[in-house]
Amino acid sequence: MPLTVATWNINSVRLRQDLVAELAAKRNPDVICLQETKCPNSEFPRKSFERLGYRHIAAHGQKGYHGVAVLSKRPIETIVAREFCEKGDCRHLAVDVEGDGGRSVRIHNFYVPAGGDEPDPAINPKFAHKLDFLEELIAWSADDVSTVAPDSGALLLGDLNIAPLEDDVWSHRQLLRVVSHTPVETEGLERVRKALDWVDVVRRDVPPPEKLYTWWSYRARDWEAADKGRRLDHVWLTPGIADACTQVEVLREARGWERPSDHVPVIVRLEM
DNA sequence: ATGGTGGGCGCCCCA
């Protein structure tokens, strides 16, 4: 049985429950990893997702900001919601998803800080926080490898708020000094990826120089015509299970849905 | 060159 996993920055889970239902109707992923739920756990709309068949839910949220959650059709076991940068932010949730024959795969769902507007850590504490977060991710990778990335395989996915490659943005040159595509961020994210040799399966399937975006600003008059997107959302696999990924999809059409999120789902299919 | 939009919360934060 294949396992399909989606990641989506939903920008308020309560406001966009219907869009999750639309994703379920159109692609029916087994697992949906959400970011920016902006919702305390006690307010999480569990019932609405249980009705869609997602009967196994792990929510890690807070009031107003951030927040991550995993919705699953298969049983899951929550492993940890680690705190990064001692901020108390809800930006990470790790679960094990049950596969066939007792096998399971670990999923790390991340919401990396956006980093504010000014790409100078000396004057912008939000950018400093973003860079600190990357350094902590590297330290975390070395901490306890068998927990972060067990031999059975792991995914690291979510809104990483960085577009690492030149063709992950509409204009490499014009975004070099724009937060999300500055060299200190793109090089930092690459160091995170290399720490455990994660495989960017999306770019393996859609290699550069093809442009590929997962986010389009709300501020564009016509997001589709301008198409000034960035690839901020990612799915990485440990090398041992990278070959199990047989299909990836960036669901661009979701940006045109009613009252959309500014991010679209990224979906991967694993044969396992 | 600048300001554009959207969500949560409560008179302003964040993306």
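**Entry 1: charges over rings**

I began with Lys-228, which lies over the face of Trp-170 at 4.5 Å from the ring centre. I keep in mind from the start that I am reading a predicted model. I then noted another case of this kind, in which the charged end of Lys-73 sits over the ring of Tyr-54, 5.0 Å from its centre.

**Entry 2: aromatic pairs**

I next looked up how the aromatic rings are placed against each other, and the count came to 9 aromatic pairs. I wrote down Phe-84 and Trp-140 as an edge-to-face pair, with 6.1 Å from centre to centre and 70° between the planes. Phe-84 lies in the loop between β5 (76-80) and β6 (92-98) while Trp-140 belongs to helix α3 (residues 125-143), so this pair ties together parts that are 56 residues apart in sequence. I checked their surroundings too, and both Phe-84 and Trp-140 are buried.

I then turned to Phe-110 and Phe-133, which also form an edge-to-face pair, at 6.4 Å centre to centre and with 90° between the planes. Here Phe-110 sits in strand β7 (residues 104-111) and Phe-133 in helix α3, and the pair links distant parts of the chain, 23 residues apart. I found Phe-110 buried, and Phe-133 is buried as well. When I put these notes together, I saw that Phe-84, Phe-110, Phe-133 and Trp-140 form one aromatic cluster.

**Entry 3: a sheet and its edges**

In what order do the strands of the open sheet run? I read the order as β3-β4-β2-β1-β14-β13, which makes 6 strands with mixed pairing. The edges are held by β3 (56-60) and β13 (245-250), each of which has a single partner strand, so one side of each is left without a neighbour in the sheet. I also noted the twist, which averages 10° from one strand to the next.

I followed the pairing from the β3 edge, where 5 bridges join β3 to strand β4 (residues 68-72) and the two run antiparallel. As a place to look within this pairing, I marked Ile-57, which stands opposite Leu-71 in β4. On the sheet I found helix α1 (residues 17-26) packed, touching β1 (2-9), β2 (31-35), β4 and β14 (266-271), and its direction makes about 150° with that of β1.

I went on to β1 and β14, which pair in the antiparallel sense over 6 bridges, and there I marked Thr-4, which stands opposite Arg-269 in β14. Strand β14 also pairs with β13, again in the antiparallel sense, over 5 bridges. In that pairing I marked Cys-245, which stands opposite Leu-270 in β14.

**Entry 4: cysteines**

How many disulfides does the structure hold? I counted 0 disulfides. Cys-39 is in no disulfide, and the nearest cysteine sulfur to it, that of Cys-90, is 11 Å away. I noted that Cys-39 counts as buried, at 1% relative accessibility. For Cys-245, which is likewise in no disulfide, the nearest cysteine sulfur is that of Cys-33, 14 Å away. Cys-245 is buried too, with a relative accessible area of 8%.

**Entry 5: Lys-126**

I came back to helix α3 to look at Lys-126, which is found there. Is Lys-126 buried or exposed? At 55% relative accessibility, Lys-126 counts as exposed, because the cut-off for that word is over 50%. Leaving aside residues up to four places away in sequence, I found that Lys-126 touches Gly-115 and Gly-116. I also took its distance from Val-145, which lies 19 residues apart from it in sequence and 28 Å apart in space, C-alpha to C-alpha.

**Entry 6: backbone angles**

I closed with the backbone, with the reminder that most residues other than glycine have a negative phi, and most peptide bonds are trans. Against that background I noted a cis peptide bond joining Pro-208 and Pro-209, with omega about 10°. Pro-209 is found in the loop between α7 (201-205) and β10 (215-216).

Where does Cys-85, with its positive phi near 65°, lie? I placed Cys-85 in the loop between β5 and β6, and it is buried, with a relative accessible area of 17%. Arg-259 has a positive phi as well, near 45°, and its place is in the loop between β13 and β14. Arg-259 is exposed, with a relative accessible area of 59%.

Key:
Residues are numbered from 1 along each chain as its sequence is written. Chains are lettered from A and ligands numbered from 1 in the order in which they are written. This is a predicted model: local features need pLDDT of at least 70, side-chain atom pairs count only at pLDDT 80 or more; totals for chains, interfaces and linings use all residues. Side-chain values use heavy atoms; hydrogens and water are left out. Rings of Phe, Tyr and Trp (its six-membered ring) pair if their centres lie within 6.5 Å; planes under 30 degrees apart count as stacked, over 60 as edge-to-face and the rest as tilted. Helices (H or I, at least four residues) and strands (E, at least two) are DSSP runs, numbered from the N terminus. Buried means under 20% relative accessible area, exposed over 50%, partly exposed in between (1.4 Å probe, protein chains only). A charge sits over a ring if NZ of Lys or CZ of Arg is within 6 Å of the ring centre and within 35 degrees of the ring normal. Two strands pair if DSSP finds at least two bridges between them. Axes are lines fitted to C-alpha atoms, for helices over the stretch in contact, and angles run from 0 to 180 degrees between N-to-C directions. Contact means heavy atoms within 4.5 Å. A disulfide is a pair of cysteine sulfur atoms within 2.5 Å.
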